[in-house]
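Q: I'm new to this one. Can you put it up so we can go through it?
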Amino acid sequence: STSTVLKRLLESSAQFPVKLHNFIDNEFENTKEKMESINPATGELFFYLNRSGKNEADRAVQAAKRAFESWSETSPQYRSSILLKAAQIIEDNLDDMALLESRDQGKPLWLAKAVDIPRCIHNLRYFANSILHHTDPSILHHSPTPGLSYVVRDPVGVAVLISPWNLPIYLLSFKIAPAIATGNTVVCKPSELTSATAYILMHALFEAGLPKGVVNMVLGTGAEVGEHLVTNPDVALVSFTGSTVIGKKIASLAAPLNKKTSLEMGGKNACIVCPSADLPKAIPDIVRSCFINQGEVCLCTSRLFVHQSIFDQFLSQFLEEAKQYSVGDPESGAKLGAVNSKVHFDKVMSYIKIASEEGGKVVLGGESVQPEGRCNGGYFIQPTVIVGLSDDSRCMREEIFGPVVCIVPFQSNEEVIKRANGTPYGLSATVFSQNVNEIHSIARSLRVGTVWCNTWMLRDLNMPFGGTKDSGMGREGGEDSLHFFTEQKTICLRI
Ligand code: NAD
């Protein structure tokens, strides 16, 4: 059962490593080649996973293609019931799932328990329920030629779903649920750095009674598996979440093949703090927006613009709050855990060094952390605050994706809007002010997909989610996911 596999995987260790297998046609299949998956909190081998290639990618697509014919004809009620059963299996195993996500990703256990796993369950239930209530327009025409026009929505076909390592099951379930609820069949490619909870989700879907071939998963790298999936002629649709560089590459591969594509990519999100902001209320939210999940959320604040008139007061209160953010063993209750990999650790640390070279001043953190005991070899970084950088510095323009924020002053709303919009990214932004007209006028002028005002990360799945410019193409969530995963057909009938 799912819970037995989950328990066995939690016992995996450098001495006795388990291996994760592909899931094709409801069979768990081994490959000859393998890759290592490291626990970022210890730096040690956690488990092995398949290292797949074109052959496995092609076979998974063929399995999904075979299953499409019958799955696309099933009723929404039936598809919904399977998603609901899978959600229940995940919920019954919430604590173990959270522990697995924490060990695989590096995030604190409390966070995986409070956010990642509950959100996976919510994603499955949301789309299982919303598919039952979806309606499309119809129009009755009167004379001179009486008739009826109506719309039907067809699933698109085989969908390839590619996800990143920062919110592994949270983001993959946000794609799987709407894709299969609407009658598509899928091949998933989770990040090779964080495949564990996706593997358990495959077991949960299998246990929930999902027919073979409807959901398949191929493990391995983007270059060796992802690209073959994207370019396979039998794939109709690609839904990608990850970096801008890879998103653009996928777009360039998929566009000539005319595949429907949705891209959720990187960000360099601004937070704007106006003089009227209620600082005691705002600061906990702002600090959280900078550092939660070690800054590894695409929506994290990384450029913080504070009005000149309150800059000093803001900075001292911000630093007070940020100092409360402990870093350490993700299973110890520390506020921040490990960053996801050695490569990522080196990248974030290199940006802190670049900031100093660019004239920035590190006023908090800036160092790695080496906890005593079992996490001694893990990848930990202090929450880091940098001031004094210019807008054209690399740290103010490039995505760092770690616990690092740059704080700079501004003088007028007109100026700060221009500066906030002055990067190639456009994912999200945050505005703090007690003046509703000011909030509205700033929010209207920001070229991003989401603006949070006097809050951060308040997400409702009914609302569209996505980015502008180099942060994305298309929207996910609610109706937008249901629309993306279907094709409309207008039928006109003379009566
Ligand atoms: P990444 O682009 O390196 O990898 C994402 C996925 O793409 C992985 O599964 C990877 O194996 C696969 N991949 C890599 N090369 C590929 C190729 N040539 N063809 C097909 N697939 C390929 O991103 P990452 O480092 O895993 O994740 C971090 C990035 O994701 C950050 O930039 C972050 O902002 C972004 N992100 C965006 C959102 C959003 O909703 N906009 C959400 C989370 C993360």
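Q: How do the residues of the shell around the ligand divide into nonpolar, polar and charged?
A: They divide into 12 nonpolar, 13 polar and six charged. Ala, Val, Leu, Ile, Met, Phe, Trp, Tyr, Cys and Pro count as nonpolar, Asp, Glu, Lys and Arg as charged, and the others, Gly among them, as polar. This is a predicted model: local features need pLDDT of at least 70, side-chain atom pairs count only at pLDDT 80 or more, and totals for chains, interfaces and linings use all residues. Residues are numbered from 1 along each chain as its sequence is written.

Q: Which residues are the closest to the ligand?
A: Pro164, Gly222, Gly226, Gly242 and Cys298, out of 31 that surround the ligand (a residue is near if its C-beta atom, placed from the backbone, lies within 6 Å).

Q: And which element gives the most to that shell?
A: α8, with five residues. Helices are DSSP runs of H or I with at least four residues, strands are runs of E with at least two, and both are numbered from the N terminus.

Q: Switching topic: what is the strand order in the open sheet?
A: The seven strands go β15-β18-β19-β14-β13-β21-β22, with mixed pairing (two strands pair if DSSP finds at least two bridges between them).

Q: Which are the edge strands?
A: β15 (361-364) and β22 (450-453), each of which pairs on one side only.

Q: How many bridges join β14 to β19?
A: Five, and the strands, residues 301-307 and 404-410, run parallel. Val306 has Pro409 in β19 as its bridge partner.
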